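Welcome! Here is a short briefing to read alongside the model.

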Amino acid sequence: MQFLSPEEWQAVALSLRVALWATVLSLPPGIFVAFALARWEFPGKQLLNGLVHLPLILPPVVTGYLLLLTFGTRGPVGAPLAELGIVFAFRWTGAALAAAIMGFPLLVRAIRLSIEAVDPRLEQAAGTLGASRLWVFGTVTLPLILPGILAGAILAFAKAMGEFGATITFVSNIPGETRTLPSAIYAFLQVPGGEASALRLVAVSVVIAMAALLLSEVLSRRIAARVGGA
Amino acid sequence: MQFLSPEEWQAVALSLRVALWATVLSLPPGIFVAFALARWEFPGKQLLNGLVHLPLILPPVVTGYLLLLTFGTRGPVGAPLAELGIVFAFRWTGAALAAAIMGFPLLVRAIRLSIEAVDPRLEQAAGTLGASRLWVFGTVTLPLILPGILAGAILAFAKAMGEFGATITFVSNIPGETRTLPSAIYAFLQVPGGEASALRLVAVSVVIAMAALLLSEVLSRRIAARVGGA
Amino acid sequence: ETVVVFAAASLKNAMDDIAASYTEETGKEAAVSFAGSSVLARQIQAGAPADVFISANTSWMDALQDDGVLVDGSRSDLLGNSIVLIAHGEAKPVTISENLPLPDMLGDDRLAMALVDGVPAGVYGKAALESLGLWDAVSPQVAQADNVRAALALVATGEAPYGIVYATDAVAEDDVTPIGTFPEDSHDPIIYPAARTTFGGSDAGQQFLDYLKGPVAREAFERQGFTVLSE
Amino acid sequence: MSLSVDIRHRLGDFSLDAQFEAPQGVSVLFGRSGSGKSTIVNAVAGLLRPDAGRIALGDVPLFDADKRLHVPLHRRRLGYIFQDARLFPHLTVRQNLAYGRFFAPKAESGASFDHVTEMLGLGHLLSRRPATLSGGERQRTAIGRALLAKPRLLLADEPLAALDAERKAEILPYFERLRDEADVPILYVSHAPSEVARLATSVIAIRNGRVVRQGPASVILSDPAVTPLGPRAAGAMIETTLLNQHPDGLSELQAGALRLLVPRVDRPAGAPVRVHIEAQDVMIALTRPEGISALNVLPVIVRGIRMGNGPGALVQLDANGALLLARITRRSVGALGLAEGMQVHAVLKAVSVSRQSVEGTA
Amino acid sequence: MSLSVDIRHRLGDFSLDAQFEAPQGVSVLFGRSGSGKSTIVNAVAGLLRPDAGRIALGDVPLFDADKRLHVPLHRRRLGYIFQDARLFPHLTVRQNLAYGRFFAPKAESGASFDHVTEMLGLGHLLSRRPATLSGGERQRTAIGRALLAKPRLLLADEPLAALDAERKAEILPYFERLRDEADVPILYVSHAPSEVARLATSVIAIRNGRVVRQGPASVILSDPAVTPLGPRAAGAMIETTLLNQHPDGLSELQAGALRLLVPRVDRPAGAPVRVHIEAQDVMIALTRPEGISALNVLPVIVRGIRMGNGPGALVQLDANGALLLARITRRSVGALGLAEGMQVHAVLKAVSVSRQSVEGTA
Ligand SMILES: Nc1ncnc2c1ncn2[C@@H]1O[C@H](COP(=O)(O)OP(=O)(O)OP(=O)(O)O)[C@@H](O)[C@H]1O
Ligand SMILES: Nc1ncnc2c1ncn2[C@@H]1O[C@H](COP(=O)(O)OP(=O)(O)OP(=O)(O)O)[C@@H](O)[C@H]1O
Ligand code: MOO
Ligand SMILES: [Mg+2]
Ligand SMILES: [Mg+2]
């Protein structure tokens, strides 16, 4: 007997894909927004900050509902995008979008904290050596905040692996396309006798997330050792 | 016509109470765990780290279910506590517990990052001046990580305001006792045409969370100004 | 060609079996998306590519019909269900009527239900208690969960001594005993309507809808305790 | 290329109002702790935007409050050696050194990597990271990093404070060579009189955010009325030519009719050599003393006498056109009956014209 | 109370193996950048746990590898003045200063807050935060903070490197007073010969992690065979008694038959005064020179001559029991025909026995 059925494997694979894409694609905007919030002053800064945090504050179902309204095939953003062939609704891409948005506040917060911890005098030193702001960012700030980025990314990844409410509300729970691990777990929990199956899937998702966590610890320790010496 | 019905006001007040308590009470253990993870080496460290992150990884409903099994009046932890008069089941205290646990990984991550950013040489300097580890922590580390604590606390608070799945599964939805804003929003979303009512409550929860966010920004800026000079 | 079915989550066990045999017999895939009826209905309103929708209550199906996203004439009442009073552990059966001493049975404890203002099982339960004149007495003690299974879990763990759930949910849980069924006339009939949506491909949807009314599906539904309404 | 600074700026209680020209060569900003030296350097570097005024490097304006011009720091191409090294903790010493080089125009020539690492004794540290370096090693790396960026102006904020005397002596010549060989003006903050005496082309004395005195080092350091470096360090700066090398390790220098014997200066005959003679190393004798270990005894004329508040006095002496300062006691002024116009002898020990105050200009 | 250190430790390629005793007074750790001075100080402070050996302060062991003893740093009660100030950024200057005081035993006496702030010129900075301080202001605050913690041992890692000469001159006396008045040994890292000459009771010379020479400052600094401070700073340390004050601002000192005129020393007659005479400030004359500005001309006997590799030589002179060093050229050694046992005159300028090398012991 196999530990997981083919359908369950499919859910595992899908969840991994969704979480990975969600994390990877939200990194660039996450870093950018974190930097803007940490270092710049601009009108609407607090609004941006609030917007970023919204998915954390709202019940996930509400976020999912808003996503459905906005990015659905009839939504104000989803419709034009659909014309361009970019469809989120009821696709795994939509699951990734939902996961990315739900993880975004975690990502941004973590990165922002570590940007704020970077000594601006080091960046000044890089500036005097001829590095433009962008270069300073790439060669000094970015390497120094790597542990923070890693921490943020792992949080976002873990969140993406566990995200359920917004995902199921936005893209439903279609096997092979949008049925992620948590959706599968949810479905099992809705019917008599589903607990055992649910627990198996929970175990799988815990193992994956723990592995990611451990990896990030090891990486971040290695980075710290490089920077901190010893 | 009032914007919110008395019952809805009750939900708002309850959510605030739950989120505040969840945040405040999870701060001491959060700081402690963050410090342990950031600075100490001990067997089971990775296990602790994993455990802290579990609520992030698991679908909230699963977390709620596990809480029910553990902290229910008949659970292995809930039963002895109930003898002492500490009851979580169907009480707002249980909602606070669920919110605290769901927010814990966010809190710990944020604090941990800022602890890692504290220059240990400052702590050494305090040591040479006669401060024991505890004093060093209280007089040097803690003030320096205040922005991180604030960031973590606001994340946890926002999360607590939005937490739904674990809360309703653990302590269900009892008006005046455990019906938090998200539970009320969820209930509205279950019926056709409930969107308008749900949106009103969403607006309330957004306003509250934004206010908290803004407050934390202001505070954290003030702290930064104190520490960073200028 | 794959048929996409949106089905209320409480149908999962039966629908999984039906989808499997459907594939076996027709060689066509059936992808069933399980979620709460409200979630699925909203998605269909937003243009979800569902061929067939099976709701756990009539109100959401009514809403879709008003929106004009259902294929005319495709709607039918597929299944029926009943709600039962369950107790934690072993318990004696009771007769559910106006005379049921439910408040005394509860004492200071809670009665577990699904959300009485939203989730179908909770709505039916509340209506039943109201028509029996019990609601006012017990309502302060009702613990509402976000779905029937969560309410069931509250009783299974002993957190609440009693609960009201679907008959179909009560059967498989060892730690609870159904001690009485609510009279059919104490609440609106519990009906699971099914229909095709205008966003689905017509052929596959109709074929699956027909299959749902066939003997294989009937057996699967009945195995889970549902009443099959279609002829 | 020269740097001209004219800025006003407030920082809390502190107000800066500084005008000066730093000509080609090394301009030393000199003043006590908190007088505003780092603030000025930061303004030149572009780290700080002054409230008012202008800063220009040659014809190139770097800052002009009226024109709302503020060239961003990375376009100024200034090598800044910070008081605190500010090495990049995530880069090795080698990568730190190479950092600025990467952004420098490839076409322009500059100090070679190998040269700089060898001179600063960094060779064995190249693969280390800053966290494991000692304070001095860190500062040496910072100096190398700035040098390798091919800067148009070098800013050095007490770059040698953390170094031991030997390292200082090793690194100072490189600043001198930069001053003399490259077209790179250097704005140099220092507390150390020996560094000032040795390096300065011009000195800018700062007090409480104001420039209290500025001018060529030779003028300021030889002026008995100003002793910006404290009385001990007052002295004369004399431009000489290397005449020849003696076999016992001494070099003979000439300035007009003046002859000086100094410890060996490694330059070819004919090379110009600047020597600094501290006032306290000069004694005055009425008659030429005989049987004495001092090798340099010069006939001089007393040009001025300035009595101090304490027991000391500064005497300005004219040695055939070259001005010397002698710091002696007021008692001796009286005992010797010194007066302006008197003909006396200046006795200076050869060794007091130390290696540190001798350097060649190529 | 004296500090005894005997430790071995490895750090990457660097290995430390140091044994020394630091008696009451100021022990200066002297050695070039990267030689291991800070590492030793860190081991004493308890910031670093050496691989092997022991460290004790008087009878109290602080570290003993064999006994697995490692007193935690906060129980060692050592005031540590770091190379980088390490002020607490979230506290004001006042709070930084008061920090250690809070943990010190209330019963014990120590420098008063007002005294320390005044001496260090911190009065107007008390409500500021470290981020707004200049480098020197920061270091002064760090010194004050350590002093106010009532330490049993003061560790100072190049505490004055960032200070200007005037501040140095102001702060040094306090270290001296600490050395002389309080029962607080001081372990002091310095590159600056003038600080070493002035402060050191004993000198510990470090090279590549090894102690190459240690002993009382007066012995080490007067020994022509060792010039730990570089040839320029070699000199003699002479214990004298203040004889009387002259009206023209000079003080007369006596050491046996020796008389010295130095700039005024603010002490009562009879007070002991230690003077440091740098070898380069001493000239040798065969006959007593007349009509010369130098006030101190002492009959001496040549005790030893050490030729250097360059043009210089060190001559040890016996002035009635007090040993002097003179640094002159090899040419002069030849020209004057110097030899051991010869009777000559040492010429030292009064001003060269500067205020900086004169200090009293109460
Ligand atoms: N973690 C480490 N790994 C490898 N080498 C190290 C480490 N820490 C210090 N060192 C080396 O140990 C030696 C001694 O360093 P230390 O800081 O004690 O020197 P120092 O004498 O105080 O120098 P400075 O006068 O420049 O402050 C240096 O060569 C340094 O490079
Ligand atoms: N942000 C600030 N707010 C108030 N005062 C400030 C601020 N920054 C600097 N100062 C003051 O400005 C003055 C000049 O500081 P600066 O760093 O230029 O001195 P410095 O001459 O470089 O001193 P040092 O030799 O000690 O490095 C100091 O008195 C300092 O306290
Ligand atoms: O199957 Mo339901 O819509 O969760 O009662
Ligand atoms: Mg400065
Ligand atoms: Mg050091």
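A good place to begin is ligand 2: one of its oxygen atoms lies 2.8 Å from a backbone N or O atom of D:Lys37. That is a polar contact, meaning a pair of N or O atoms within 3.5 Å; within protein, one must be able to donate a hydrogen and the other to accept it, and residues adjacent in sequence count only if both atoms are side-chain atoms. This is a predicted model, where local features need pLDDT of at least 70 and side-chain atom pairs count only at pLDDT 80 or more, while totals for chains, interfaces and linings use all residues. Residues are numbered from 1 along each chain as its sequence is written, chains are lettered from A and ligands numbered from 1 in the order in which they are written, and side-chain values use heavy atoms, leaving out hydrogens and water.

**Around ligand 2**

- Ligand 2 sits between chains D and E.
- It is surrounded by 20 residues, the closest being D:Ser38, D:Thr39, E:Arg128, E:Gly136 and E:Glu137 (a residue counts as near if one of its heavy atoms lies within 4 Å).
- On the chain D side, an N or O atom in the side chain of D:Thr39 is 2.5 Å from an oxygen atom of the ligand.
- From chain E, a backbone N or O atom of E:Thr132 lies 3.2 Å from a nitrogen atom of ligand 2.

**How chains A and B are related**

- A turn of 179° with a shift of 0.1 Å along the axis lays chain B on chain A with an RMSD of 0.3 Å (superposed by least squares on the C-alpha atoms of residues with pLDDT of at least 70 in both).
- The two copies are thus related as by a two-fold rotation axis.
- Of the interface residues of chain B, 95% are also interface residues in chain A, so the copies meet through the same surface.

**Where chains A and B meet**

- Each chain brings 43 residues to the contact (heavy atoms within 4.5 Å).
- About 3,800 Å² is buried between them, with carbon and sulfur atoms giving 73% (accessible area, 1.4 Å probe, that two parts lose on being put together, summed over both).
- In chain B, the residues losing the most area to chain A are B:Ile57, B:Arg109 and B:Leu113, together 17% of what that side buries.
- Five salt bridges cross this interface (a side-chain nitrogen of Lys or Arg within 4 Å of a carboxyl oxygen of Asp or Glu).
- A:Arg112 and B:Glu217 form a salt bridge through their side chains, at 2.8 Å from N to O.
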